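Trainee: I should like to go through this structure and ask what justifies each term applied to it. May we begin once the model is displayed?

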Amino acid sequence: MNFQEKLEDARRRFFPIRLPGKNSGAGLCVDEATFREAVTEIYADVFPERDAYPYNPKSPELVQEYSGLHAERILIENSEGKVVGWLKGRMEDPTTFYLGTSGLLPEYRVQRLAALVYSRLLEYLEDLGYERVTSQHHPHNRAAMILQLKYGFAFEGMSLDERWGPMVKMVYFFDGDRRAEFERRFGFEQYPKGP
Ligand SMILES: CC(C)(COP(=O)(O)OP(=O)(O)OC[C@H]1O[C@@H](n2cnc3c(N)ncnc32)[C@H](O)[C@@H]1OP(=O)(O)O)[C@@H](O)C(=O)NCCC(=O)NCCS
């Protein structure tokens, strides 16, 4: 089975993600055009202080080249089919999937919707063969980092990026050997290990 066939098979098995509760909806895998249109509509309500997509690459050829990498775009809908959030990421290297952006409208937060979609997405990425998942967050973004710490992510690094400001990098390991190696190198025995 080539990667495209594997992807289609896994998408059929993992999506749509059914969301529980009275406001139940779904998490859907969509293409870039559908994703952009839907996210542009709610972006300013999720990030009120930011312009939608403030950073645009200048070279269409490089954008085209980059778009060949495996990417996932997930829209979260409520029970009426209105888009209320998103997750998007792409292959960082052949072992690593980078979760680049996520967001939920304020009235849909702290209801474990993000947690449910994250955990299902992690299962899906492991099924595809990824060994690690990374993400980056502003150091003051408590909600995003707490959510990921609860799901077993660890802190991996920090960068100073002129586009996004200071960013803390987090990593999640599917591979037990890799987690053990991370703990061997960076673990501090006086603190209990995470999940
Ligand atoms: C990041 C985001 C998607 C997380 O969604 P959420 O609705 O808060 O997450 P959930 O309800 O699924 O919460 C997951 C866990 O984190 C906890 N949590 C969430 N926000 C928290 C906060 N501010 N302080 C403490 N705990 C928090 C929840 O209590 C929950 O814990 P539980 O599993 O024990 O119940 C959402 O906060 C958001 O859209 N933020 C604005 C956009 C953003 O910052 N995106 C990320 C950019 S990198």
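Trainee: Why is Glu 72 counted as buried or exposed, whichever applies?

Mentor: The model is a predicted one. Glu 72 has a relative accessibility of 1%, and buried means under 20%, so Glu 72 counts as buried. Glu 72 is found in strand 3.

Trainee: What makes the pairing of the side chains of Glu 72 and Tyr 124 a polar contact?

Mentor: The side chains of Glu 72 and Tyr 124 are joined at 2.6 Å, and the cut-off for a pair of N or O atoms is within 3.5 Å. Glu 72 also touches Leu 7, Arg 11, Cys 29 and Phe 97, among others.

Trainee: Why is Arg 73 described as it is, buried or exposed?

Mentor: The relative accessible area of Arg 73 is 14%; the limit for buried is under 20%, and therefore Arg 73 is buried. Arg 73 also has its place in strand 3. The side chain of Arg 73 makes a polar contact of 2.6 Å with the side chain of Glu 32. Residues that Arg 73 touches include Leu 28, Val 30, Phe 35 and Leu 87.

Trainee: What class of accessibility does Ala 44 have?

Mentor: Ala 44 has 45% relative accessibility. Buried ends under 20% and exposed begins over 50%, so Ala 44 falls in between and counts as partly exposed. The place of Ala 44 is in helix 2.

Trainee: Which residues of the largest nonpolar core touch the most other members?

Mentor: Among the 43 residues of that core, they are Trp 86, Leu 87, Leu 121, Tyr 124, Leu 125 and Val 133. The elements that give two or more residues to this core include helix 1, helix 2, strand 3 and strand 4. Helix 4 gives the most, with ten residues. In soluble globular proteins, nonpolar side chains tend to be buried together. Trp 86 touches Phe 35, Val 39, Ile 42 and Tyr 43, and also Ile 74 and Ser 102, among others.

Trainee: How do you know that Arg 112 makes a polar contact with the ligand?

Mentor: A polar side-chain atom of Arg 112 lies 2.7 Å from an oxygen atom of the ligand, and a polar contact requires a pair of N or O atoms within 3.5 Å. A polar backbone atom of Gln 111 is 3.1 Å from a ligand oxygen, and a backbone N or O atom of Ala 114 lies 3.4 Å from one. The protein buries 78% of the 930 Å² that the ligand exposes when taken alone.

Trainee: Which element gives the largest share of the shell around the ligand, and what classes of residue does the shell have?

Mentor: Helix 5 gives the largest share, five residues. By class, the shell has eleven nonpolar, six polar and three charged residues.

Trainee: Why are Val 110 and Arg 112 called exposed?

Mentor: The limit for exposed is over 50%. Val 110 has 85% relative accessibility and Arg 112 has a relative accessible area of 62%, so each is exposed. These values count protein chains only. Both Val 110 and Arg 112 are among the residues that come nearest to the ligand.

Trainee: What is notable in the backbone of Val 110, Arg 112 and Pro 16?

Mentor: Phi is near 50° for Val 110 and near 70° for Arg 112. Both residues lie in the loop between strand 5 and helix 4. A cis peptide bond, with omega of about -5°, joins Phe 15 and Pro 16. Most residues other than glycine have a negative phi, and most peptide bonds are trans.

Notes:
Residues are numbered from 1 along each chain as its sequence is written. This is a predicted model: local features need pLDDT of at least 70, side-chain atom pairs count only at pLDDT 80 or more; totals for chains, interfaces and linings use all residues. Side-chain values use heavy atoms; hydrogens and water are left out. A nonpolar core is a set of buried Ala, Val, Leu, Ile, Met, Phe, Trp, Tyr and Cys residues joined through side-chain atoms within 4.5 Å. Buried means under 20% relative accessible area, exposed over 50%, partly exposed in between (1.4 Å probe, protein chains only). Helices (H or I, at least four residues) and strands (E, at least two) are DSSP runs, numbered from the N terminus. Contact means heavy atoms within 4.5 Å. A residue is near a molecule or strand if one of its heavy atoms lies within 4 Å of it. A polar contact is a pair of N or O atoms within 3.5 Å; within protein, one must be able to donate a hydrogen and the other to accept it, and residues adjacent in sequence count only if both atoms are side-chain atoms. Accessible areas come from the Shrake-Rupley method with a 1.4 Å probe; for residues, only the protein chains shown count as cover. Ala, Val, Leu, Ile, Met, Phe, Trp, Tyr, Cys and Pro count as nonpolar, Asp, Glu, Lys and Arg as charged, and the others, Gly among them, as polar. Lists of a residue's contacts leave out its neighbours within four places in sequence.
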